[in-house]
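Visitor: I am new to this structure and would like a close look at one part of it. Could you choose a single region and lead me through it with care?

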Amino acid sequence: MFRIADRDFQSRLLIGTGKYSSANVMQESLAASGSELVTLALKRVQLDRPGDDIVTPIQNLGLQLLPNTSGAKTAQEAIFAARLAREALGTHWLKLEIHPDPNYLLPDPIETLNAAEALVKEGFTVLPYCGADPVLCKRLQDVGCAAVMPLGAPIGSNQGLLTRDFLRIIIEQASVPVIVDAGIGAPSHAVEAMEMGADAVLVNTAIATANDPVAMSQAFRNAVIAGRMAYEAGLSQNASLKATASSPLTDFLESL
Amino acid sequence: MSFYSVWETLSWDDIRLQLYSKTRKDVEVALSKQQLNTDDFMALLSPAAEPYLPAMAQRSQQLTRQRFGNTLQLFIPLYLSNLCANDCSYCGFSMSNRLKRKTLSLAEIEEECRAIKAKGFDTLLVVTGEHESKVGIDYFRQALPIIKRYFSYVMFEVQPLSSDEYRELRQLGLDSVMVYQETYQANTYAKHHLKGKKRDFRWRLETPDRLGECSIDKMGLGSLIGLEDWRIDSTFTAIHLEYLKRRYWRSRYSLSFPRLRPCAGGVDNIQSMSDKQLVQLICAYRLRFPEVELSLSTREEQSLRDGLFNLGVTSVSAESKTQPGGYANEQHELEQFSIDDDRTVNEVAKAIKAKGLQPVWQDWLNELSAMPPETFSSPE
């Protein structure tokens, strides 16, 4: 179990809702993932139409909505989108995303920090998508973010934890949950993040664009559980701790 | 500094020579790379790449699905006016064509918006002929606020405007501008643009720079296929795009590949492009620019369009009418060109689903539009 702000979650897998081939496939994948916290791009939601095919399946499953501000390039745009999300979807939970760079969708640290500070003051539970910058993560924590969501690699790139060394520092230093977001392209990447001690991971592209998204969802569910178990069990270190009769490093002792 | 100074350093003949001397080896090198450069792009456009089309198509599909998911965006054009002060050899709106002229009144614009909205669209491409005094900034500043009440993402395909005019339209909610150079070959350009402000090659060529300066959310480039050798024009387009991407990094980009179609008073000597070559171009664009949107209009016929849905294209129009007022009342005699895919949008959406893709009707919010650039980093 882990806690973000005032809510406890059994599942440490967060799921995104983009890129699915249909609403049905998305709903089945969400169900198979066991996820309890699901992010959706507010810009994709047809707020003026009842029975929207993104929101409705999530609500049918009784999952916590985590609207995101994807599309925002500035703090101000993100703040406007956040207010609309709260009003339209009735939740103050927010995944803050500000990526003015359309190539790699990398988050703007300055705009993100400014928006996070303002939104926390407005009563939002803010989970910011951010670069794997340990100092930035501390700053986001200082302004009251409920978690930090550093990237493993650019969104949708499926490249795995290219930022692993910095993720380790972030995890070591954080006093809010660390959710590794973006770049996780295979269950093995999720295992690695969880073994490292991340509190949770967020996955979208790797599931939505798999040949069988529902089966891939289950694979990620199991991977996250396995990774967490391994972390809690305490991984043995790389260097062998077993007693051996001799070692090249200590051979010189014999001749002393 | 604008793209004009880059364009001045490029030689049409050199690029032709480079393109047509590409070998199968060059194509294989390009296909083995993660990130392609202009040279690789030329190899993929060259005749030497034709036998590699299946491999290009596969890679193009994979890159597109990874980046854009199993989705396809839907948009629709809204023609506000067929008035035009230009004379272009290939266009039905040309001033010398004896065509019934029509500019929608504000009430008629509202009527069209309602008719389009009822179909389910949320992304709109506003199109007009080029007529500075009657369909210029004064008209746009009245029309845009009405249109924005109905559609959250609004794109313009109108005459090139000045920086100040673009800035003003940004404040009124304009999200995107399409401005096609038609051809990057200046002499050919002069031959086809006979009268009017469109004769000014440089003004048009520098338009994307003006758009980038006002942080437009997205701009669309392309050349009109048929005026010149499509391989060379597409290479120029790619060089132009690469220049813009580096310089105006906050903007998104889209590419179109309109093929010249028969119209009233049409052009002779079309340098045609086969369907297979169109696929080659689309795949080459995708491999060179994995993140760029590729947009397909109803100019192309239905079976080709359905095939392209899975090959790299990311947004498609549907149920388009190219005559002003065509959605609320049909009047064929006003149209710019006849369209080839005349299915309803629901039929197109069904065809998209049949390809295993989700049609996306909405991907924007008014809250994300019209933020003046000076709001960067100053939340209130």
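Guide: What follows is a walk through one helix of chain A and its surroundings. The model is a predicted one, and a few words on the whole chain will help to place the helix. Chain A contains nine helices and 10 strands, and its radius of gyration is 20 Å, close to the 18 Å that the globule rule gives for 256 residues, so the chain is as compact as a globular protein of that length. Along its principal axes the C-alpha trace of chain A spans about 85 × 40 × 35 Å, and of the 256 residues in the chain 52% are buried. When contacts between residues at least 6 apart in sequence are considered, 62% of those in chain A join residues at least 24 apart.

The part to look at closely is helix α7 of chain A, which runs over residues 187-196 and is mostly covered, with eight of its 10 residues buried. The buried residues of α7(A) are P187(A), H189(A), A190(A), V191(A), E192(A), A193(A), M194(A) and M196(A). What do these buried residues pack against? Their partners, in chain A as well, are α6 (164-173), β9 (179-181), β10 (200-203) and α9 (213-233). After α7(A) comes G197(A), a residue whose phi is positive, near 110°.

One of the partners of α7(A), helix α6(A), can be followed a step further, to its meeting with helix α5 of chain A, residues 134-142, where the two axes come within 9 Å and cross at roughly 30°. Since angles under 35 degrees count as roughly parallel, α5(A) and α6(A) are therefore roughly parallel to each other. The crossing in which α5(A) passes α6(A) is right-handed. On the side of α5(A) the residues that meet the other helix are P134(A), C137(A) and K138(A), while α6(A) brings F166(A), I169(A), I170(A) and Q173(A). Sorted by class, this contact of α5(A) with α6(A) has five nonpolar, one polar and one charged residues.

Beyond these helices, chain A also touches chain B, in a contact that takes 34 residues from chain A and 26 residues from chain B. On the side of chain B that touches chain A, the largest share, three residues, comes from helix α5 of chain B, residues 53-68. The residues on that side of chain B divide into nine nonpolar, nine polar and eight charged.

Conventions
Residues are numbered from 1 along each chain as its sequence is written. Chains are lettered from A and ligands numbered from 1 in the order in which they are written. This is a predicted model: local features need pLDDT of at least 70, side-chain atom pairs count only at pLDDT 80 or more; totals for chains, interfaces and linings use all residues. Two residues are in contact if their C-beta atoms, placed from the backbone, lie within 7 Å. Helices (H or I, at least four residues) and strands (E, at least two) are DSSP runs, numbered from the N terminus. Ala, Val, Leu, Ile, Met, Phe, Trp, Tyr, Cys and Pro count as nonpolar, Asp, Glu, Lys and Arg as charged, and the others, Gly among them, as polar. A residue is buried if 20 or more other C-beta atoms lie within 10 Å of its own, exposed if 12 or fewer, and partly exposed in between; C-beta atoms are placed from the backbone. Axes are lines fitted to C-alpha atoms, for helices over the stretch in contact, and angles run from 0 to 180 degrees between N-to-C directions. Angles under 35 degrees count as roughly parallel, over 145 as roughly antiparallel, 65 to 115 as roughly perpendicular and the rest as oblique. A crossing is left-handed if the near helix is turned anticlockwise from the far one by less than a right angle, and right-handed if clockwise. The radius of gyration is taken over C-alpha atoms; the globule rule is 2.2 Å times the number of residues to the power 0.38.
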